[in-house]
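Please look over the protein model shown below together with its sequence. The briefing that accompanies it is arranged by topic, so that each group of points can be checked against the structure in turn.

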Amino acid sequence: MVLTLDFSADDLARTRFACSPLWEAIESLRMRQDPGSAIVHGPFIQASRERLNGFDIGELLLLVPPQGYIPDFLTPPPAEALPSMRAELERLRATPAERVRSDVARRFAGGAPPPVARRYLEHPDRALDRLVGLLEEYWQRALEPDWPRVRALLEREVDERARQQALHGTGSLLGDLHPAIAWRSASLRLRGRRAGRIDLGGRGLTVIPNVFVWPLACSMVADPWPPAIVYPPRGVGALWAPNDGDERAALEALLGRTRAAVLLGLRAPCSTTELARRMELTPGAVSLHVTVLHEAGLLVRERSGRSVLYRLSAIGEALLASGGERVSR
């Protein structure tokens, strides 16, 4: 089946790329039930299975089947280019009760819904609040430890696609995303499980690279959200590949032992004070090294309340992934 999206000049101008931690979480739940996904995501599946020990994801898997319809309210196109998981969960929590009820009813259409599903049909507000809590814990256990590596790949993909768009235009870019996606005469054609023709009508298109959707590409066309397509980014096949050689020694040779340790210590966002305590160094010494790494483009600085946190930039992630210690813990 083929879904055709018709573009105007305004739609081309409003086409944007965005990444979604929530969509990654949902697709990872679908992926866990697909044996073929182990070809690419086997190391992640094994590592996250250990981190999920003692946490029941049965309700999540019930809502997210390996094939077929997934409730639309679980995968709204992201409102920002790279929102935080916290922001996306709060947006999910604000889903109208009737939307939750109707989407879950569609998920189980054609048969009697299981007892867990009836919560969403009878008390959607309470069920949604519980679902957000389950997704938050699933994220923290399964994906958050590996999110820096995934985020780095997504950021590189968006940067490279932006250059391609600038050089060759939006139409050429869209036709190069996935074998199932073709661009022809101001129309985008997506081969998949959905057929039809949709005029974007000036709404534009949100293009979402997603690691766990591999090897598929899919669409999201449901009111009130703008249309979106989802595809696996380039490089996903090597995402979980181990690095060879004495990686930490190579990083120390490049940066020096202390700066290499600082960079490795910032795989999760941290303040200089907390990092100094963990490394048993003075805050002033750590601050000096952090400043150098930040000016070199290896770190990003963010404010959280009264604290200033540092985290790895896409360049820092790429450095660790290619020549430093493995980012996957």
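What follows is a short account of confidence, helix packing, buried residues and backbone features.

This is a predicted model, and the mean pLDDT of the protein chain is 88, with 95% of its residues reaching 70 or more. Helix α8 recurs in the points on packing, as α7 and α8 have axes that come within 5 Å, while the axes of α3 and α8 lie 8 Å apart.

**Confidence**

- Residues 324-329 call for caution, since pLDDT stays under 50 over this stretch, although the model still has 27 contacts for these residues beyond four places in sequence.

**Helices packed against α8**

- Two packed helices are described by the angle between their axes and the distance between the axes.
- The axes of α7 and α8 come within 5 Å and cross at roughly 120°, an angle that makes α7 oblique to α8.
- On the α7 side this contact is made by Arg119, Tyr120, Leu121 and Glu122, and on the α8 side by Pro124, Ala127, Leu128, Arg130 and Leu131.
- Sorted by class, the contact of α7 with α8 has six nonpolar and three charged residues, with no polar ones.
- Helix α3, which spans residues 38-51, packs with α8 at an angle of about 125°, their axes being 8 Å apart, and that angle makes α3 oblique to α8.
- Here Phe44, Ser48 and Arg51 of α3 meet Arg141, Ala142 and Leu143 of α8, and the residues of the contact divide into three nonpolar, one polar and two charged.

**Buried faces of α5 and α6**

- In helix α5, residues 85-93, the buried residues include Met85, Glu88, Leu89 and Leu92; they cover an arc of only 100° around the axis, which puts them on the same side of α5.
- The buried residues of α5 pack against α2, residues 21-31, and against α8.
- In helix α6, residues 97-107, Arg99, Val100, Asp103 and Val104 are buried; seen down the axis of α6, its buried residues fall within an arc of 120°, so they line one face of the helix.
- The cover over the buried residues of α6 includes α4 (58-63), α7 (115-122) and α8 (124-143).

**Two buried residues and their surroundings**

- Pro209 sits in strand β6, which runs over residues 206-209, and with a relative accessible area of 0% this proline is buried, because the cut-off for burial is under 20%.
- Leaving aside residues up to four places away in sequence, Pro209 touches Phe17, Ala18, Cys19, Glu24, Leu154, Glu157, Val158, Tyr231 and Pro233.
- One of these contacts joins distant parts of the sequence, as Pro209 and Ala18 are 191 residues apart along the chain, yet their C-alpha atoms are separated by 7.4 Å.
- His289 lies in helix α14, residues 283-295, and counts as buried because its relative accessibility of 16% falls under the 20% cut-off.
- Apart from residues up to four places away in sequence, His289 touches Thr258, Arg259 and Val262.

**Cis peptide bonds in loops**

- The peptide bond from Trp214 to Pro215 is cis, with omega near 5°, and Pro215 is placed in the loop between β6 and β7, the latter being residues 218-220.
- A cis peptide bond is also found from Asp223 to Pro224, with omega near 10°, and Pro224 lies in the loop between β7 and β8, where β8 covers residues 228-231.

**Positive phi between β3 and β4**

- Ser185 is found in the loop between β3 (181-184) and β4 (187-191), and its phi is near 50°, a positive value in a residue other than glycine.
- With a relative accessible area of 69%, Ser185 is exposed, because the cut-off for that class is over 50%.
- Ala186 lies in the loop between β3 and β4 and has phi near 65°, again a positive value in a residue other than glycine.
- At 33% relative accessibility, Ala186 counts as partly exposed, because this value falls between the cut-offs of 20% and 50%.

Key
Residues are numbered from 1 along each chain as its sequence is written. This is a predicted model: local features need pLDDT of at least 70, side-chain atom pairs count only at pLDDT 80 or more; totals for chains, interfaces and linings use all residues. Side-chain values use heavy atoms; hydrogens and water are left out. Helices (H or I, at least four residues) and strands (E, at least two) are DSSP runs, numbered from the N terminus. Buried means under 20% relative accessible area, exposed over 50%, partly exposed in between (1.4 Å probe, protein chains only). Contact means heavy atoms within 4.5 Å. The arc is that of the directions from the helix axis to the C-beta atoms. pLDDT is the predictor's confidence in each residue, from 0 to 100. Axes are lines fitted to C-alpha atoms, for helices over the stretch in contact, and angles run from 0 to 180 degrees between N-to-C directions. Angles under 35 degrees count as roughly parallel, over 145 as roughly antiparallel, 65 to 115 as roughly perpendicular and the rest as oblique. Ala, Val, Leu, Ile, Met, Phe, Trp, Tyr, Cys and Pro count as nonpolar, Asp, Glu, Lys and Arg as charged, and the others, Gly among them, as polar.
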